Amino acid sequence: MILTKLAYKSLLNRRASVLLTLFTIAISVMLLLSIERIRVDAKTSFSNTISGTDLIVGARTGDIQLLLSSVFRIGYANNGVSWQSYQYIAAQRGVKWSIPISLGDSHKGQAVLGTSRDYFTHYRFGKKQTLSFQQGHAFEHLNQVVLGSDVASRLGYTLGDNIVISHGMGNTSFHHHKDNPFIIVGILNATGTPVDKTLHIPLAAIDLIHGGSHSANDEHDEHDEHDEHDEHDEHDEHDEHNNLTGEPSQITAFLMGFDSPLYTLQIRRNINQYKKEPLLAIMPTVTLKELWQMLAIVEKVLLLFSGVVILVSLLGMLTTLLANLNQRRRELAILRSVGARPWQLFTLISMESLFTTLLGCLVGCGLYYGVMLISSSYLQSHAGISVNIAMLSYYELTLIGVIMAAGFIIGLIPATRAYFYSLSDGMSIKT
């Protein structure tokens, strides 16, 4: 107890240097835990870029290529899926919902996605979170568009603005569809997924702007002329839904959800063996894991960075302890003169380093939770990382235990030097 009290008083007496060392350890612990949590949650969020979707179906190609083109808007789909095949597969028993998507157009480098209104109902991201609107609503007519949050903020668009779609993906546009401008009627909330960088228009509008005939154009004009309070029966609502979907010759891909996982496996096998045209059905959760394995180097870099951070902080603590030890020669001489044994000096210095490391870890954990609480919404909206703020996991507690052990071992070096200090040679180190 006397050594514990003495160590506490000694730390208070050197509070400036101790606080600096403690703060260094705390920052290192905060960075280590933050990097580890972001690494784990980034992997989870990456896997949850699309969730609640059982199958993605497109023309036969590689699994990852289909995933990248349909979900991440990266690359190009060499072929499409005929509308007849889509309708046939979507009508199979066990299919709960299906969402056709058509890609190939852009607006100022941002992808344009043609789809149906079901997209806003059934599409899920993260932990099966639904799409929600920051402003406005889903498209209701062929000349309306819904923007992702990033598109709206980056380009400065608001509801009611007119935009022109261009043919071609990315920054390469071969033709601007100036004859068919679109009115912004909705802006989605941030999701941290490719949805934020996408413009959503009715599937039938894709066929219309490319010169395809659409029998619903006249109906659409009539609908604008009629009063909105006219009575509509269920058949009229179904026709309006078809008006926005149309019957294009082909689509890029489509998403599917099923009543049971058994239907998922059965229909996936049937699609991959489909004889009318070569199709491929992938399970997005499985393919996302395969894609992450290809990006495993990212995990290794983050782990390496974490290790370097801790190593630097511990070396900094060692440097500080050794520098303080030389300044404490008089203090240690007084302790020896009043009867302190070498092992007691060894224990004193070891306890001080252990206390400093323990306090640094505790403060670091507090900083970690504070940083996670402050940055969680930003990471979700801008990086798509859904941070799970919970109690430290067993692995994270193990990391803190390793830091504690390393700090104690580092403290043994100055403690050993203090052990060999002697009064007979003026507190010089025995050789």
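**Cysteines, a surface patch and helix α15**

In this predicted model, the count of disulfides comes to zero under the rule applied, which requires a pair of cysteine sulfur atoms within 2.5 Å. For C361, the closest cysteine sulfur is that of C365, and because the two sulfurs are 6.7 Å apart, the separation is too far for a bond. The converse holds for C365, whose closest cysteine sulfur lies in C361 at 6.7 Å, again too far for a bond. C361 counts as buried, with a relative accessibility of 3%, and C365 is likewise buried, its relative accessible area being 13%.

On the surface, a nonpolar patch is formed by M294, L295, I297, V298 and V301, which together present about 460 Å² of accessible area. Helix α12, spanning residues 296-327, supplies the largest share of this patch, namely three residues. I297 is located in helix α12, and with a relative accessibility of 55% this residue counts as exposed.

Helix α15 comprises 26 residues (residues 394-419), so that a span of 38 Å would be expected at 1.5 Å a residue; the C-alpha atoms at its ends are 36 Å apart, in agreement with that expectation. Within α15, a kink of about 30° is found at I413, shortly before the proline P414. P414 is itself one of the buried residues of this helix. The buried positions of α15 also include E396, L399, I400, I403 and M404, as well as G407, I410, G411, A415 and A418.

Conventions. Residues are numbered from 1 along each chain as its sequence is written. This is a predicted model: local features need pLDDT of at least 70, side-chain atom pairs count only at pLDDT 80 or more; totals for chains, interfaces and linings use all residues. Side-chain values use heavy atoms; hydrogens and water are left out. Patches are made of residues with over 30% relative accessible area and no salt bridge: like charges are joined within 9 Å, nonpolar side chains (Val, Leu, Ile, Met, Phe, Trp, Tyr) within 5 Å. Accessible areas come from the Shrake-Rupley method with a 1.4 Å probe; for residues, only the protein chains shown count as cover. A salt bridge is a side-chain nitrogen of Lys or Arg within 4 Å of a carboxyl oxygen of Asp or Glu. Helices (H or I, at least four residues) and strands (E, at least two) are DSSP runs, numbered from the N terminus. Buried means under 20% relative accessible area, exposed over 50%, partly exposed in between (1.4 Å probe, protein chains only). The expected span of a helix is 1.5 Å times one less than its number of residues. The bend at a residue is the angle between axes fitted to the seven residues ending there and the seven starting there.
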